[in-house]
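User: Hello! I am new to this structure and would like a close look at one part, the place where two chains meet. Could you walk me through it in plain words?

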Amino acid sequence: MIPEGISLQAVAVPVTLLITASLALLVGVFNRASRLGGSIAILGLTVAAGFGVFDLLQRGSATQNYFGLQWHAGPVATAIALTILLGALLSLLIGWNAAGAYGVERPEYETLVVLATLGGVVMAHAGDFIVLLLGLEILSLSVYALAAWNPRASEEEAGMKYFLLGAFASAILIYGMALTYGATGSFAFDTIGASLGSENVGLLAVAGSLLILIGLAFKMSFAPFHQWAPDVYVGASMPVTAFMSLVVKAAAFGAALRVVTAAWPNVDGVVLQGLAVLIAATLVVGNFGALVQPTVKRILAYSAVAHAGYLGLGLLAAHQGVVGANAVAWYLLAYTAMTAGAFAVAYAVSGDDAAADEVDRWRGLGAAKPGAAIAMTLFLASLAGIPPLAGFFGKFLVIQAAFDAGWVWLAVLALVSAVVAVLYYGRIVIAIWRDGRLGRDVTLPARLRLAVVVSVVLVVAFAGLPAL
Amino acid sequence: MILVPILLPLIAAALIAALPAARATVVATFAAGVTFGVATQLGGAAAINLPWIDSLGVGVRFAPTGASAMLVIAASLAMIPTLVQAGRTADRPRVAAVSLLAFLGALNGLFLASDLVLMYVFWELSLIPTLVLLAAFGLDRKRAALMKYVAYAFAGSLMMLASIAAIRPLSGAESYALSDLQAATTALPAGVQAWLFAGFAAAFMVKLPILPLHAWLIDVHRQNHPAGFADVAGTLYKVGGFGLFAWSIPLLPAGAAALQPALLPLAAVTALWGALAATQQTDLKSFIAYGSLSHMGIVGVGVLSLTPAGMTGGMLLLAAQMLSTGALFLLAGMLHARRGTFEFTSFGGLGATAPALAGVTTLIMFAFVGVPGLSNFPGEFLALMGAFNASAAWGVVAVTSVVAAGVYGVNALHKVFLGGKTGETADLSRPEWGVLAFFLAGILWFGVNPGGFSAAVQADAGPTVVAAQTTVTPVALASEGGAR
């Protein structure tokens with residue numbers, strides 16, 4: 001039944017996710033009020049993560065392509081897929097009690113989350129542009145719906161914005177793929193990589209690669225294509241925002257990593273220079289943008305842009321060798337843990353109420369909820385890159401990879417702009433520990449607390465992870 | 001055993017955070033006392049080398065050297081009376097005790113680490129308690145001081161991080177262990193070494209501090225709690241000289257030689273400028289801050305002289321000033337408790353009603369300005385000697401600061417204790433005597449026994465001094481010739 005040459009092990013994660021999504025959807029058909037779908041989703045994501053860990057341990061550092069080059073299996077891809085699963089799990093836990101907040105039934109919510117996760121996993125394993133696009137569209141269509149899930153004006157606006165810009169970005173990406181196909185005669189990364197190197201493919205291939213770069217830059221929220229990100233993040237409900245900044249970001253970088261390492265080893269230098277310029281702009285815009293934001297959610301949204309810059313540094317280094325690819329995978333894990341934790345606490349503190357989310361309204365959290373305040377301080381310190389927390393080692397890895405690959409000016413710029421990051425994260429920390437009355441009553445439901453605890457453990461114990 | 005001075009204060013800090021506030025000071029003082037006791041035995045402690053993050057080449061590596069053992073002793077000793085004083089004066093003694101102990105543990109880790117990344121971890125960790133102390137106990141305008149401090153400190157740290165991240169890929173060193181790094185980095189071309197050294201120097205100059213990266217220092221001291229316990233932590237935290245001595249000069253001797261012509265003058269000017277500014281201050285705390293800045297300039301010229309004598313002297317002075325400057329800040333706090341101000345004009349004639357206070361202050365001030373026989377003198381002398389060997393012209397500039405020190409020291413004593421009486425003042429209380437006794441003992445100890453410490457510093461600093469000597473001597477001679 002299984003075609004020859006196909007390893008079930010290699011596709012166990014996406015198959016599990018597909019089954020999970022179908023089951024969660026079916027439960028919703030029969031019982032609208034049941035939360036069983038959510039439990040199934042969490043169970044399915046956990047089982048899929050188990051398969052992923054098994055694959056990582058079994059595979060070692062071996063890489064292999066299946067389905068005629070279309071599906072790439074390797075340690076970095078699997079590690080990123082695992083991070084995507086972790087991000088999905090954490091955002092489900094964060095949003096568990098949000099059900100029915102605006103009178104919307106939601107059996108399909110978890111289904112869409114799992115489907116989007118499936119799309120992300122497919123992107124991270126893509127071996128050619130068709131598979132990449134397939135994963136991207138599965139992911140994007142699900143997230144368009146999630147962004148506009150609740151019938152609030154801000155969310156509908158966020159969903160619409162995300163849809164329009166997402167479609168625009170996809171169109172650019174597809175155009176780039178078409179041009180690349182025209183130049184090389186293939187969609188498969190390996191073949192493209194070989195022909196970009198061997199023949200004089202000319203301007204067509206450069207134009208195609210640049211368009212692909214721009215399309216991916218939208219998804220990775222690189223400046224100046226980042227503008228949708230803060231708006232959509234702020235408009236959407238917090239659990240969805242968390243999902244977007246965790247899963248969608250990890251998937252975008254997983255896909256970009258595949259393109260850079262497999263399809264572009266011999267790409268024209270202009271494309272890499274372009275990528276470097278985008279990264280530089282992202283670092284500056286993200287960090288300085290975050291400095292002037294009034295609410296914690298907006299600061300986190302801009303910080304997500306800034307972190308895309310650091311991830312981009314690893315991406316650029318990955319072009320020169322495996323050090324960079326590993327750095328991106330580790331950075332994504334660190335980023336997922338600390339960002340998920342920060343969003344979890346932010347959701348507990350402010351709900352979706354922007355007024356309660358202003359930095360000054362966080363005053364008094366330290367006295368009212370010391371546990372949550374300590375956790376948030378750890379997350380913010382980690383985001384700022386204070387050792388020995390996860391964010392520091394993530395930053396250290398990508399910067400080292402950048403030096404290794406010879407991108408000295410970019411590495412120095414990344415560190416210079418990190419000074420600003422300390423200031424805006426520090427602003428929140430100071431507010432947390434000052435006297436004052438919180439904007440609203442803060443409660444941490446059990447599952448949200450679990451998400452916080454998991455994130456704290458990952459952020460603190462990151463340097464002790466055996467594989468690092 | 002080498003882990004005790006690091007872990008004991010950190011564990012004690014965690015314990016105190018869980019204890020009722022009433023016991024905090026007792027437990028904290030006891031922990032600091034034990035830390036000091038263990039620190040005095042550090043000289044023969046075995047090094048530790050445990051794996052941590054293999055793929056990054058980072059390990060849990062600690063090794064005592066003469067300089068680091070001495071600095072751990074001085075810092076731990078200074079922390080005992082500081083904790084007592086914090087318990088007596090802080091409105092939230094538990095927060096103060098936890099911060100000060102966490103700071104001591106992180107600082108000792110910074111001194112004793114023999115892995116570059118581990119050193120950086122402690123470098124950042126020790127910053128956080130000083131920020132907490134300022135945020136929790138600072139005065140009205142602490143917010144601005146805090147932001148300035150954070151901006152300077154992190155800008156410097158991240159420049160150092162750039163060098164740390166770059167140094168292993170560039171040199172191909174096996175790991176971040178000091179010995180592994182040194183084997184590879186000393187072979188780097190001078191131009192590369194200079195750039196890497198500049199990254200380290202950015203962080204170390206902020207924390208030395210020397211001009212023009214000192215601006216945060218005065219604000220932080222002015223805004224700290226008047227009792228002075230937070231200022232003692234700030235004083236112990238002037239570790240830039242140690243960073244140059246223990247890390248960047250041994251790793252990058254050619255880089256040090258290349259940048260010496262730029263950095264040595266900065267340090268010399270810092271010494272003179274700090275001393276001149278100290279003569280002009282009208283506020284006791286700013287006065288101490290500027291005087292201390294001047295000493296840091298002398299530490300800087302000593303270390304940057306790249307001569308064995310100068311570098312040893314720099315480390316001796318660094319340790320000695322922890323005690324003399326720390327004691328002065330606590331004394332200033334005691335005066336503030338009596339008069340509610342730091343303004344010189346509000347004092348005068350205190351010697352008549354508070355003779356013990358006047359006597360102790362005089363002794364400590366003499367140590368502060370470098371009177372022979374007391375703690376600061378040996379280090380200051382050696383550091384300036386080194387400076388003369390490196391460059392006669394800048395040596396003269398640095399030495400001028402010692403003349404100015406005599407002026408500002410005597411002036412300050414005169415304004416506070418002599419002259420017309422400005423009302424009755426309570427003399428030292430018994431607990432205050434207790435607090436100051438530790439400092440007096442330390443100041444005398446470092447004053448009469450400099451040989452013991454300096455021999456250890458120079459002997460254990462072998463690689464540093466040898467590397468500096470072999471690579472640097474011709475350049476240093478050339479610059480000396482140029483100065484003439």
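How much area is buried between chain B and chain A, and which atoms give most of it?

Analyst: Happy to help! This is a predicted model, in which local features need pLDDT of at least 70 and side-chain atom pairs count only at pLDDT 80 or more, while totals for chains, interfaces and linings use all residues. Residues are numbered from 1 along each chain as its sequence is written, chains are lettered from A and ligands numbered from 1 in the order in which they are written, and side-chain values use heavy atoms, with hydrogens and water left out.

Now to your question. About 2,300 Å² is buried between chain B and chain A, and carbon and sulfur atoms give 83% of that area. Buried area here is the accessible area (1.4 Å probe) that two parts lose on being put together, summed over both. On the chain B side, Leu56(B), Arg143(B) and Leu158(B) lose the most area to chain A, together 21% of what that side buries. The contact takes 28 residues from chain B and 23 residues from chain A, where contact means heavy atoms within 4.5 Å.

What holds charges or polar atoms across this interface? The rule finds 0 salt bridges between chain B and chain A; a salt bridge is a side-chain nitrogen of Lys or Arg within 4 Å of a carboxyl oxygen of Asp or Glu. It does find 2 residue pairs in polar contact across the interface, both at pLDDT 80 or more. A polar contact is a pair of N or O atoms within 3.5 Å; within protein, one must be able to donate a hydrogen and the other to accept it, and residues adjacent in sequence count only if both atoms are side-chain atoms.

Three elements of chain B give two or more residues to the side that touches chain A: strand S1 (48-53), helix H5 (116-137) and helix H6 (142-171). Helices (H or I, at least four residues) and strands (E, at least two) are DSSP runs, numbered from the N terminus. H6(B) gives the most to this side, with 16 residues. By type, the residues of the chain B side divide into 23 nonpolar, 1 polar and 4 charged. In that count Ala, Val, Leu, Ile, Met, Phe, Trp, Tyr, Cys and Pro are nonpolar, Asp, Glu, Lys and Arg are charged, and the others, Gly among them, are polar.

For a view from the other chain, try Phe392(A), found in helix H16 (residues 390-405) of chain A. Leaving aside neighbours within four places in sequence, Phe392(A) is in contact with Val117(B), Tyr120(B), Val121(B) and Leu161(B), among others, and also with residues of its own chain, including Ser382(A) and Pro387(A). Phe392(A) counts as buried because its relative accessibility is 1%; buried means under 20% relative accessible area, exposed over 50%, and partly exposed in between (1.4 Å probe, protein chains only).

Salt bridges do turn up elsewhere, and the count over all chains comes to 9. One of them joins Asp115(B) and Arg61(B), whose closest N and O atoms are 2.3 Å apart. Asp115(B) lies in the loop between helix H4 (93-112) and H5 of chain B, and Arg61(B) in strand S2 (residues 58-62) of chain B, so this pair ties together parts that are 54 residues apart in sequence. Both Asp115(B) and Arg61(B) are buried.

Another pair is Glu432(B) with Arg338(B), at 2.8 Å between the closest N and O atoms. Glu432(B) sits in helix H19 (residues 430-448) and Arg338(B) in helix H14 of chain B, so parts 94 residues apart in sequence are tied together. Glu432(B) counts as buried at 7% relative accessibility, whereas Arg338(B), at 21%, counts as partly exposed.

Finally, a word on confidence. The mean pLDDT of chain B is 89, and 95% of its residues reach 70 or more; pLDDT is the predictor's confidence in each residue, from 0 to 100. Over residues 471-484 of chain B, however, the pLDDT is below 50, and this stretch has 17 contacts in the model beyond near neighbours in sequence. Where pLDDT is low, the predicted coordinates should not be read in detail.
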